[in-house]
Amino acid sequence: MTLAIQARGLVKHFGEVKALNGIDLDVEQGKVVGLLGPNGSGKTTTVRILSTLLRPDSGTATIGGHDVVQDPDAVRQLIGLTGQYAAVDQYLTGRENLELFGRLFHLSKKDASARADELLHRFDLTEAADRGIKGYSGGMRRRLDLAASLIGNPSVLFLDEPTTGLDPRSRQGMWEVIEDLVSEGTTVLLTTQYLEEADQLASKIVVLDHGSVIAQGTADELKTQVGGDRIEIDVVDSVDAQRAGDALASLASGAITTDATTGKIVIPVTGGSTAIVSAVRVLDEQSIGIADIALRRPTLDDVFLSLTGHATEQPVESATPSTGRRGRRGRN
Amino acid sequence: MTTQPTRRPALGWLFTDTLSVAKRHILKITRVPESLFFSLIQPVMFVLLFAFVFGGAINVGPNGAQSYREYLIPGIFAQTVMFAVAGITVGITEDSTKGIMDRFRSLPMRPGAVLAGHTLASLMQNVLVLVMLSITGLAVGWRIHNGAADALAAYLLLATFAYAMTWVGAWIGLHMPNSEVAGTAGLAWIFPLTFASNIFTPISTMPGWLQPIALWNPVSCLALACRELFGNPTPGLGTSFPEQHAVALAFGYALVIVAVFAPLAVRRFKSRSTGGAA
């Protein structure tokens with residue numbers, strides 16, 4: 001079976017700066033792969049090479065078996081691209097934009113118009129179809145931009161930071177749209193700085209740092225790599241901390257840390273939620289009061305931190321996404 | 001689903017794609033009529049300024065101010081054609097920095113069509129400006145003396161030259177980092193080129209070292225060619241090659257400019273990597 005996306009040893013310099021330092025990438029058809037990394041890690045450069053916008057200095061890449069350098073036209077028939085900027089003409093209406101791109105995708109006039117209608121409807125833009133883009137909200141522009149990238153019904157879709165700069169509600173909407181596309185069998189390569197976004201959408205995550213792949217796998221695999229679950233307990237009376245730690249030793253899969261001043265105990269466990277039940281029972285038997293107890297799974301933030309030795313850089317604003325999990329944002 | 005692209009030879013697609021892109025820019029002109037208005041107003045201002053303010057001080061023929069106005073209008077035509085460069089320079093830079101160029105470049109369209117469509121739309125806008133300018137000229141006393149065929153040749157020459165210049169503008173636009181810089185850079189080189197020419201004053205009034213430069217200046221050739229074709233005054237016409245073969249030379253300049261700058265611009269467009277390294 002031909003891989004939807006295959007890259008071998010991609011290297012790209014911008015002057016002195018080595019943007020890509022030998023990237024390998026395999027994406028099976030119908031899968032969503034998330035390229036995760038901070039600014040300057042090479043995400044966008046990778047997407048630009050794969051979408052024929054940029055030539056690699058060395059290395060090869062194929063989309064659906066077609067080489068991006070040797071046969072860019074064949075590649076362009078297969079792909080859709082949504083970049084970091086809404087790549088639409090702000091003086092035209094939504095419909096005019098889609099018809100323009102449809103015509104440039106070489107659809108007939110009739111087909112381009114039908115496809116525009118279909119996409120406007122699908123992305124909930126029918127009402128705004130004949131208004132200039134200037135009056136669109138950020139979320140509407142992104143939806144139109146995504147619609148434009150779907151004009152040719154692409155089998156491989158590149159989404160370069162598709163939700164950067166969107167408010168939580170628009171971001172949620174964007175995620176739903178992307179999930180729909182994936183359920184229809186579209187292969188998606190998504191770049192993001194939102195760890196949460198990769199977690200939510202991608203079946204496989206490739207972590208980039210300084211132009212190299214530093215880890216890859218499913219979100220769960222990456223989290224396991226960092227370490228498993230742990231139970232965090234705050235005891236009511238901090239003098240009980242040491243006693244509690246000793247009592248829970250049998251549950252631990254590693255070294256327990258206790259803090260006698262704050263009364264906080266962290267116990268690495270393997271059993272997950274069964275372990276938490278056992279912990280409550282043990283502490284109850286010992287008559288140790290529990291102020292707070294939680295099972296904590298490593299987040300992709302933890303993964304990133306442990307893999308790179310630094311957190312995702314440049315948290316410009318600390319937006320709390322609507323789903324309530326942790327996330328960071330930043331933009332280029 | 002209706003998404004099967006139609007099959008056709010590459011050259012056919014270049015043509016259709018060019019028209020699609022041109023349509024985009026023409027729609028844009030109708031959405032921002034102010035830009036058309038100001039591109040019309042500027043040459044008209046120059047006509048009024050030189051016809052009524054400076055004109056009395058420049059002597060080009062026996063009929064004084066009337067002669068000067070007939071001398072002036074073809075010069076303004078040439079100047080307008082040159083200034084056409086600025087608009088497309090800014091437009092191309094704006095597209096390049098806003099991501100829509102990336103969309104074009106990721107589509108299976110003919111890459112040359114992005115620029116060809118833009119220059120085509122620009123040409124149409126320039127033709128409109130030339131029509132407007134002709135009406136203004138007629139109103140201040142400019143006349144066509146040599147009949148329809150020569151007049152048509154003059155307009156064809158102006159349109160060809162305008163088209164050639166938009167390719168220079170496109171090429172410059174592809175090198176500019178943002179539209180502010182493009183706005184200045186697009187005009188900076190036009191000023192010396194248009195003013196070191198015969199468009200406002202006869203070359204014989206200039207210092208000796210400047211005369212050969214002004215004489216061979218494509219803008220001078222264009223203005224002189226138009227004066228000859230329209231039958232307007234050509235005071236102090238000498239025997240040098242550019243003065244004797246103005247029409248042929250002006251067409252030649254236009255063709256050379258297209259032949260050089262169209263491939264350069266398309267090549268730049270294809271290889272250009274917009275955006276950052278992130």
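His106(A), which comes just after helix H3 of chain A, takes a positive phi of about 75 degrees in this predicted model. The helix that precedes this residue spans residues 94–104 and is mostly covered, with 11 of its 11 residues counted as buried. Among these buried residues are the charged side chains Arg95(A), Glu96(A), Glu99(A) and Arg103(A), and they include Leu98(A), Leu100(A), Phe101(A) and Leu104(A) as well. The cover over H3(A) comes from both chains: it includes helix H4 (109–122) and helix H5 (138–149) of chain A, together with helix H1 (10–31) and helix H4 (100–106) of chain B.

From helix H4 of chain B one can move on to Pro111(B), which lies in the loop between that helix and helix H5 (112–140) of chain B. Pro111(B) is partly exposed, because 18 other C-beta atoms lie within 10 Å, whereas a buried residue needs 20 or more. Leaving aside residues up to four places away in sequence, Pro111(B) touches Arg105(B), Val266(B), Phe269(B) and Lys270(B). Of these contacts, Val266(B) is 155 residues from Pro111(B) in sequence, yet the two are 7.4 Å apart in space, C-alpha to C-alpha.

A strand of chain A offers another case to consider. Is Ala19(A), which is found in strand E2 (residues 17–27) of chain A, buried or exposed? Ala19(A) is buried, because 26 other C-beta atoms lie within 10 Å, where 20 or more are required. Ala19(A) and Val32(A) are 13 residues apart in sequence, and their C-alpha atoms are 23 Å apart in space.

Methods:
Residues numbered from 1 in each chain as written. Chains lettered and ligands numbered in written order. Predicted model: local features only at pLDDT ≥ 70, side-chain atom pairs only at ≥ 80, totals over all residues. Buried ≥ 20, exposed ≤ 12 C-beta atoms within 10 Å, placed from the backbone. Helix = DSSP H or I, 4+ residues; strand = E, 2+ residues; numbered from the N terminus. Contact = placed C-beta atoms within 7 Å.
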